[in-house]
Amino acid sequence: MEILPILSALRRNKVGAMLIGLQIALTLAIVCNCLSVIQQYREQMARPSGMNESDVFTVINTWVGQPDDLKARIAADVAALRSMPGVMDAEATNGFPLGGSAFVTGINLKPEQKQPNATTTEYFVDEHGLAVYGVKLIGALVQCG
């Protein structure tokens with residue numbers, strides 16, 4: 001491929017050369033933006049979550065229909081998991097951290113506030129849930145009427 005005829009044609013047609021330069025600049029801007037977004041996601045993924053992720057294992061159990069003894073079945077399943085060797089603890093919950101679904105609610109600093117200051121995730125767990133996630137209860141949420 002010879003470069004001199006290409007350069008000669010670009011000198012004669014300045015608008016074409018500017019459009020090619022603009023295309024290259026736009027492509028470079030898009031690629032740099034994508035790389036920046038990927039870098040930000042990598043940094044977020046590398047940040048510690050505060051959970052003992054390596055020791056948490058999730059099992060999703062589903063029943064056909066709505067059994068009458070659902071509570072007893074869940075209790076039996078959780079008891080079976082707790083009795084397995086190597087299992088530190090087990091619990092049944094509505095969701096789990098880093099699981100992608102949970103109950104989200106707003107936090108208000110004053111009772112008369114209309115808009116929440118922030119949002120938080122609620123996980124419905126018992127004392128076993130605290131042990132499973134390796135957290136310590138320092139306060140309790142009290143909801144009124």
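For sorting residues by class, Ala, Val, Leu, Ile, Met, Phe, Trp, Tyr, Cys and Pro count as nonpolar, Asp, Glu, Lys and Arg as charged, and the others, Gly among them, as polar. The exercises below concern a predicted model.

**Exercise 1. Describe the largest pocket: which residues and elements line it, and what is its make-up by class?**

Solution.

1. Begin with the volume: the largest pocket holds about 950 Å³ of space.
2. Next, locate the centre. The lining comprises 28 residues, and those closest to the centre of the pocket are F57, T58, V59, L81 and E91.
3. Then assign the lining to elements. Two or more residues come from each of α3 (70–82) and α4 (127–133). The greatest contribution is that of α3, with four residues.
4. Finally, sort the lining by class: 16 residues are nonpolar, eight are polar and four are charged.

**Exercise 2. Determine how many disulfides the structure contains, and explain why C32 and C34 are not bonded to each other.**

Solution.

1. Set the criterion: a disulfide requires a pair of cysteine sulfur atoms within 2.5 Å.
2. Apply the criterion to C32. Its closest cysteine sulfur is that of C34, at 9.4 Å, which is too far for a bond.
3. Repeat from the other side. For C34, the closest cysteine sulfur belongs to C32, again at 9.4 Å and too far for a bond.
4. State the total: the search of the whole structure returns zero disulfides.

**Exercise 3. Classify C32 and C34 as buried, partly exposed or exposed.**

Solution.

1. Recall the limits: buried is under 20% relative accessible area and exposed is over 50%, with partly exposed in between.
2. The relative accessible area of C32 is 44%, so C32 is partly exposed.
3. C34 has 42% relative accessibility and therefore also counts as partly exposed.

Note on methods: Residues are numbered from 1 along each chain as its sequence is written. This is a predicted model: local features need pLDDT of at least 70, side-chain atom pairs count only at pLDDT 80 or more; totals for chains, interfaces and linings use all residues. Side-chain values use heavy atoms; hydrogens and water are left out. Buried means under 20% relative accessible area, exposed over 50%, partly exposed in between (1.4 Å probe, protein chains only). On a 1 Å grid over the protein atoms alone, a cavity is a set of points where a 1.4 Å probe fits but cannot get out, and a pocket is an open set with protein on both sides within 12 Å along at least five of seven lines; lining residues have an atom within 4 Å of a point. Grid points are joined across faces, edges and corners, and a volume is the space filled by probe spheres set on the points.
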